[in-house]
Amino acid sequence: MLRNVLKYNSAVVVDSLIDMSKLPDIFRGLFVIVPYSMPEVDIPSVEAVHPTPRVVTDMWVERCLAHKAFLDPDDHPTSTPVGSFPINGFGDLKINSTGFEGIDLLHLSKLVRLGGATYDETLQPKISVLICNKTKANPEKQRYASAWGIPVVSDAWLWACLRNG
């Protein structure tokens, strides 16, 4: 399905880095798309392909499609592969969020699970961490979390955990 969507939007799609290296320069060297759940150690090296393509995740493609625009992969942490997972200590965490919607909420919940934690859609006293969107967080949800002793963090905390293990 992704292949069809990409082709519909004028992308040239190849099956391997070898096939990519055979393309004329005008078509070559843009992006290699990998599943967001692929560990960095399993991502094939793109160094032998010239010009060297950017490695991006399928989440980057989903964000571009959701926003109906070409988005710079450097503008959002879900666009590029994360470090290693699951993350030590995440297995016992129950995580909730506030201020995320649509594709951002979907990606946040998937990455929480990838890290090894449980994503719970309902804020309740058993939640371990509340992740807040800095610009859209629900103040009432933050007050409840504070009253229940639940740490309130920004999404940067999750991105740092995923990058650093």
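1. A quick word on terms before the sheet: contact here means heavy atoms within 4.5 Å. Keep in mind as well that this is a predicted model.

2. With that in hand, look at helix 6, residues 155-164. Helix 6 lies across strand 3 (94-98), strand 5 and strand 6, and runs at about 70° to strand 6.

3. Now the sheet itself. It is an open sheet of 4 strands in the order 4-3-5-6, and the pairing is parallel. Strand 4 (118-119) and strand 6 (152-154) are the edge strands, each pairing on one side only. Strand 5, residues 129-132, pairs with strand 6 in the parallel sense over 3 bridges. If you want a spot to click on, Cys132 stands opposite Ser154 in strand 6.

4. Helix 5 (residues 139-147) is worth a look at both ends. Asn138 caps the N-terminal end, with a side-chain oxygen 2.8 Å from the backbone nitrogen of Glu140. After helix 5 comes Gly149, which has a positive phi, near 75°.

5. On to the rings: searching the whole structure turns up 5 aromatic pairs. One of them is Phe90 with Trp157, a stacked pair at 5.6 Å centre to centre with 15° between the planes. Phe90 sits in the loop between helix 3 (58-67) and strand 3, while Trp157 belongs to helix 6, so this pair ties together parts that are 67 residues apart in sequence. Are the two partners buried or partly exposed? Phe90 has 4% relative accessibility and therefore counts as buried, whereas Trp157, at 26%, counts as partly exposed.

6. Tyr144 and Trp148 make a ring pair too. Their ring centres are 5.5 Å apart and the planes meet at 35°, so this one is tilted. Tyr144 is partly exposed because its relative accessibility is 42%, and Trp148 gets that label at 36%.

7. There is also a ring cluster to colour in: Phe31, Trp60 and Phe70 are linked by ring pairs.

8. Last, Thr57, which you'll find in strand 2 (residues 54-57). Its relative accessibility is 1%, so Thr57 counts as buried. What does Thr57 touch, leaving aside residues up to four places away in sequence? The list is Ile33, Val34, Tyr36, Thr78, Ser79, Thr80 and Pro81. As for Val112, Thr57 is 55 residues from it in sequence and 16 Å from it in space, C-alpha to C-alpha.

Methods: Residues are numbered from 1 along each chain as its sequence is written. This is a predicted model: local features need pLDDT of at least 70, side-chain atom pairs count only at pLDDT 80 or more; totals for chains, interfaces and linings use all residues. Side-chain values use heavy atoms; hydrogens and water are left out. A polar contact is a pair of N or O atoms within 3.5 Å; within protein, one must be able to donate a hydrogen and the other to accept it, and residues adjacent in sequence count only if both atoms are side-chain atoms. Helices (H or I, at least four residues) and strands (E, at least two) are DSSP runs, numbered from the N terminus. Two strands pair if DSSP finds at least two bridges between them. Axes are lines fitted to C-alpha atoms, for helices over the stretch in contact, and angles run from 0 to 180 degrees between N-to-C directions. Buried means under 20% relative accessible area, exposed over 50%, partly exposed in between (1.4 Å probe, protein chains only). Rings of Phe, Tyr and Trp (its six-membered ring) pair if their centres lie within 6.5 Å; planes under 30 degrees apart count as stacked, over 60 as edge-to-face and the rest as tilted.
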